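Colleague: Could you take me through one part of this model, namely the core and the ligand site beside it in your notes? I'd like the cut-offs spelled out as you go.

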Amino acid sequence: MKAVVDAEKCIGCGLCVQVAPDVYEMQGDKAVVKVDEIAEEKAEDAKNGAEQCPVAAITVS
Ligand code: SF4
């Protein structure tokens, strides 16, 4: 599983990082995905972070 943050959309609220700190991290005022491949046990966190993003900037696939 992979996740992608659309930096154009991200408003830097930090919510995804709070929800899934093993998957997302802030880089300046934008969130980035910190792993190439999301581990199975982190998949749910990654999806929750994407679902809670207020501007739907995260795609998980
Ligand atoms: S939740 Fe969405 S808007 Fe907020 S930091 Fe993460 S990607 Fe950016």
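Modeller: Sure, core to begin with. The largest nonpolar core has 14 residues, and Val5, Val23, Tyr24 and Ile58 touch the most other members. By nonpolar core I mean a set of buried Ala, Val, Leu, Ile, Met, Phe, Trp, Tyr and Cys residues joined through side-chain atoms within 4.5 Å. Strand E1 (3–5) and helix H2 (43–52) each put in at least two of its residues; both are DSSP runs, numbered from the N terminus, with at least four residues for a helix and at least two for a strand. This is a predicted model: local features need pLDDT of at least 70, side-chain atom pairs count only at pLDDT 80 or more, and totals for chains, interfaces and linings use all residues. Numbering runs from 1 along each chain as its sequence is written, and side-chain values use heavy atoms, with hydrogens and water left out.

Back to Tyr24: setting aside neighbours within four places in sequence, its contacts (heavy atoms within 4.5 Å) include Val5, Cys16, Ala46 and Ile58.

Now the ligand. Of the 13 residues around it, Cys10, Cys13, Gly14, Cys16 and Cys53 come nearest, where being near takes a heavy atom within 4 Å. That shell divides into 11 nonpolar, two polar and no charged residues.

Cys10 also leads to Val55, which lies in the loop between H2 and strand E4 (58–60). The C-alpha atoms of Val55 and Cys10 are 6.8 Å apart, with their positions 45 residues apart along the chain. Leaving out neighbours within four places, Val55 is in contact with Lys9, Cys10 and Ile11.

Methods. Nonpolar A, V, L, I, M, F, W, Y, C, P; charged D, E, K, R; others polar. Buried < 20%, exposed > 50% of the residue type's maximum accessible area, 1.4 Å probe, protein only.
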